[in-house]
Amino acid sequence: MDGEFCVVCGRTDRSLVDGLCADCAADRTVLVKVPAHAEVTVCPTCGARQIGSHWERRGASESLSADDLTPLVTVHPDAALRTIRWEETKSTATVRDLVGRARLRFRGTEREAEIALSVRTVHRTCPECSRRSGKYYTAVLQLRGGGDDRTEKARALRERLDGVWAALLGEARRDAQDAFSWREELPEGWDCYFTDTLAARSVARLARQRFGATIRESATLAGRKEGQDLYRVTFCLRFRRAGAPVQP
Ligand SMILES: [Zn+2]
Ligand SMILES: [Zn+2]
């Protein structure tokens with residue numbers, strides 16, 4: 001021994017990093033982290049999960065599993081996660097509180113850590129199930145260009161509107177986000193389908209306030225359901241390109 005000792009516990013028989021043995025270093029390090037509140041979006045029909053803008057794991061169970069929870073965990077770069085055992089501590093219809101007991105390896109030692117997590121399950125019908133189920137919707141937002149700009153190519157227009165849509169949906173109310181079901185790409189823009197007309201209208205208004213869109217609203221009779229006329233409402237939103245030529 002060369003006389004070096006851990007500055008915390010004083011042991012001399014351990015290898016040290018920055019004056020600390022592995023056990024003392026681990027006590028002072030956050031080895032695993034989770035966001036206090038997380039969200040998992042599940043298609044109630046097929047069990048697919050929405051990951052970013054795409055859908056995965058069709059056929060999975062609707063209830064949350066380790067496959068949903070473990071990706072929410074961040075592990076310290078010097079640690080390796082071996083296992084996590086999740087245990088539910090409380091649950092409501094949509095929110096589950098869980099404790100995860102993680103086993104990790106950190107600088108040659110085995111460690112355990114506990115993390116608490118609250119996960120909200122958001123139900124949203126995936127695009128495939130929406131189509132298969134006969135495309136149930138009550139309102140459609142049509143995203144279009146300014147209408148008087150002949151210089152913008154169709155692909156560039158769709159990409160521009162795609163960016164507007166991401167920003168718009170990001171700012172929309174939670175219930176409006178939940179009512180958005182799927183969208184379709186068209187040469188002239190995007191059609192975004194909603195299962196709730198009030199929610200669609202709130203997004204259309206947000207588009208006018210925040211992105212200067214013009215709105216044209218129209219309704220068509222789509223049939224009858226349980227003795228009531230069923231209307232579908234179309235909101236045509238026109239987004240002028242910044243710096244686009246203005247027609248006299
Ligand atoms: Zn020590
Ligand atoms: Zn689905």
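**View 1. Helix α6 in the predicted model.** Helix α6 has 15 residues. From first C-alpha to last, α6 reaches 20 Å. That is close to the 21 Å expected at 1.5 Å a residue. Five of its positions are shown as buried: A199, A200, V203, A204 and A207. Around the axis they cover an arc of only 145°, which puts them on the same side of α6. Just after the helix, G212 takes a positive phi of about 65°.

**View 2. Helix α4 and its buried face.** Helix α4 spans residues 154-171. How far apart should the ends of its 18 residues lie at 1.5 Å a residue? The expected span is 26 Å, and the end C-alpha atoms are 26 Å apart, so the two agree. L157, L161, W165 and L168 are buried in α4. Seen down the axis, the buried residues fall within an arc of 75°, so they line one face of the helix. The other side of α4 carries exposed residues: R155, A156, E159, G163, A166 and G170.

**View 3. What covers α4.** The cover over the buried residues of α4 includes two strands, β9 (139-145) and β11 (189-194). Helix α6 (197-211) and strand β13 (228-239) are also included.

**View 4. The largest nonpolar core.** This core has 25 residues. Which of them have the most contacts inside it? They are L141, F194, A200, V203 and L237. At least two core residues come from each of β9, α4, α5 (174-179), β11, α6 and β13. Helix α6 gives the most, with five residues. In soluble globular proteins, nonpolar side chains tend to be buried together.

**View 5. Contacts of L237 and a second core.** Neighbours within four places in sequence are left aside here. L237 is then in contact with L141, Q142, L143 and R144. Its other contacts are A204, A207, A213 and I215. A second core is separate and has seven residues. Among them are A26, L31, A102 and L104.

**View 6. Strand β11 between its pairing partners β9 and β10.** β9 and β11 run antiparallel and are joined by six bridges. Within this pair, Q142 has D191 of β11 as its bridge partner. Strand β10 (residues 180-186) also runs antiparallel to β11, again with six bridges. Here E184 stands opposite D191. D191 thus appears in both pairings, with Q142 and with E184. β10 and β11 form a hairpin, with two residues between them.

**View 7. The β6–β7 hairpin.** Strand β6 covers residues 79-91. Is β6 covered or hardly covered? It is hardly covered: among its 13 residues, the count of buried residues is zero. Eleven bridges join β6 to strand β7 (residues 95-106). The two strands run antiparallel. T83 of β6 stands opposite R103 in β7. Three residues lie between the strands of this hairpin. In a regular strand the side chains alternate between the two faces of the sheet.

**View 8. The domains.** The domain assignment gives domain 1 (1-29), domain 2 (31-123) and domain 3 (135-239). Taken over C-alpha atoms, the centres of domain 1 and domain 3 are separated by 61 Å.

Key: Residues numbered from 1 in each chain as written. Chains lettered and ligands numbered in written order. Predicted model: local features only at pLDDT ≥ 70, side-chain atom pairs only at ≥ 80, totals over all residues. Domains from an automatic or database assignment. Helix = DSSP H or I, 4+ residues; strand = E, 2+ residues; numbered from the N terminus. Expected span 1.5 Å × (residues − 1). Buried ≥ 20, exposed ≤ 12 C-beta atoms within 10 Å, placed from the backbone. Arc of directions from axis to C-beta. Contact = placed C-beta atoms within 7 Å. Core = buried A, V, L, I, M, F, W, Y, C linked by C-beta atoms within 7 Å. Pairing = 2+ DSSP bridges.
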